[in-house]
Amino acid sequence: MKPLGLCLAGPTASGKSALALQLAEHFALEIVSVDSAQVYRGMDIGTAKPGAAERAAVPHHLIDLIEPEQAYSAARFVRDATAAAAAIRARGRLPLLVGGTMLYFKALRDGLDAMPAANADFRAQLDARAAAEGWPALHAELQRVDPATAARLAPHDAQRIQRALEVWLASGRPLSSFHAQRGDAPAQAQASAQARWPLISLEPASRAWLHQRIAERFDAMLAAGFVDEVRRLRRRPALRPEMPSMRCVGYRQAWSALDHASLDGLRDAGIAATRQLAKRQLTWLRSMDAAARIECDATPVAARLRQALRTLV
């Protein structure tokens, strides 16, 4: 079965974007972003969005789709990515889906669960409770009603805790039960769907290597004017810190630092939050079916990646 596109996934700061550009020197490809933060306009530095030179060298898709006040979902990603990949194939080129939003990869390759849609009233109730009690208290409540989901979420993972409790309030069922339904699909059908979007996983052998790259990347963001970018975003009248865009790693910490008129702890908080994100991404990756797993801190990683692609196209 000829794949609809190839997926290149890895934790933040693992070198995915640079490697994708190197692959474009050897393959006729276009890049489809699998990044829940790069869809937002005006969020450039903190998302490590490819610049004008990179986009001129290789076409990129699913970047700068919406304003930070708007919401984007896994369901919309599947629609957008499927359409973008089809258009790329029609041009005789290879769609290479690159990013670290593992939920989007899972939705594309495994399908979406038939769970309740977003409910603004429930979200407002949960936001009010979080403001009064704190997200760890809501995480503790999630442990009581959905221990399986709570076990994979950090106590301050506001966006995912809110979604899990929202599903519980709307349906009376734990979020994990919807995922279990998807897991009951016949193994042959799942394998067929995943073969249409084969996944190459970049995973470092050394956690210290990744931590160093995360620190270097956050320092580079600060030097490039990340705080000023967040200041500009804060001037948008409708933008609030509880919105999904401002819950992105880095933005949440910068917004909080500006609220307290002190940037002293921003670097440490941003690096710590990015490390936690990378840990979650690696947990996702290790649970996903992959056509190849490549150590991104080994050499020659680019050559190994090219070889893996050649076996799949």
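Me: Which helices do the buried residues of α13 pack against?

Reply: The buried residues of α13 pack against α12 and α14, where helices (H or I, at least four residues) and strands (E, at least two) are DSSP runs numbered from the N terminus. Buried means under 20% relative accessible area, exposed means over 50%, and partly exposed lies in between, with a 1.4 Å probe and protein chains only. This is a predicted model, in which local features need pLDDT of at least 70, side-chain atom pairs count only at pLDDT 80 or more, and totals for chains, interfaces and linings use all residues. Residues are numbered from 1 along each chain as its sequence is written, and side-chain values use heavy atoms, with hydrogens and water left out.

Me: Which residues of α13 are buried?

Reply: An α-helix has 3.6 residues a turn, so residues three or four places apart point the same way. In α13 the buried residues are Y251, Q253, A254, W255, A257 and L258, and the helix is followed by A261, whose phi is positive, near 55 degrees.

Me: Which residues touch the most other members of the largest nonpolar core?

Reply: In soluble globular proteins, nonpolar side chains tend to be buried together. A nonpolar core is a set of buried Ala, Val, Leu, Ile, Met, Phe, Trp, Tyr and Cys residues joined through side-chain atoms within 4.5 Å. Here the largest core has 52 residues, of which F77, L97, F105 and Y251 touch the most other members. The helix that gives the most to this core is α3, with seven residues. Apart from it lies another core, of 23 residues, including L8 and L305.

Me: How many residues of strand β4 are buried?

Reply: Strand β4 covers residues 94-99, and six of its six residues are buried. Both of its faces are covered, with L94, L96 and V98 on one side and P95, L97 and G99 on the other.

Me: Which strand does β4 join through six bridges?

Reply: Two strands pair if DSSP finds at least two bridges between them. Strand β2 (residues 29-34) is joined to β4 by six bridges, and the two run parallel; within this pairing, E30 of β2 stands opposite P95. Strand β1 (residues 6-9) also pairs with β4 in the parallel sense, over four bridges, and there C7 has L97 as its bridge partner.

Me: Is S33 in strand β2 buried or exposed?

Reply: S33 is buried, because its relative accessible area is 6%. Its side chain makes a polar contact of 3.2 Å with that of Q38, a polar contact being a pair of N or O atoms within 3.5 Å, where within protein one must be able to donate a hydrogen and the other to accept it, and residues adjacent in sequence count only if both atoms are side-chain atoms.

Methods
Contact = heavy atoms within 4.5 Å.
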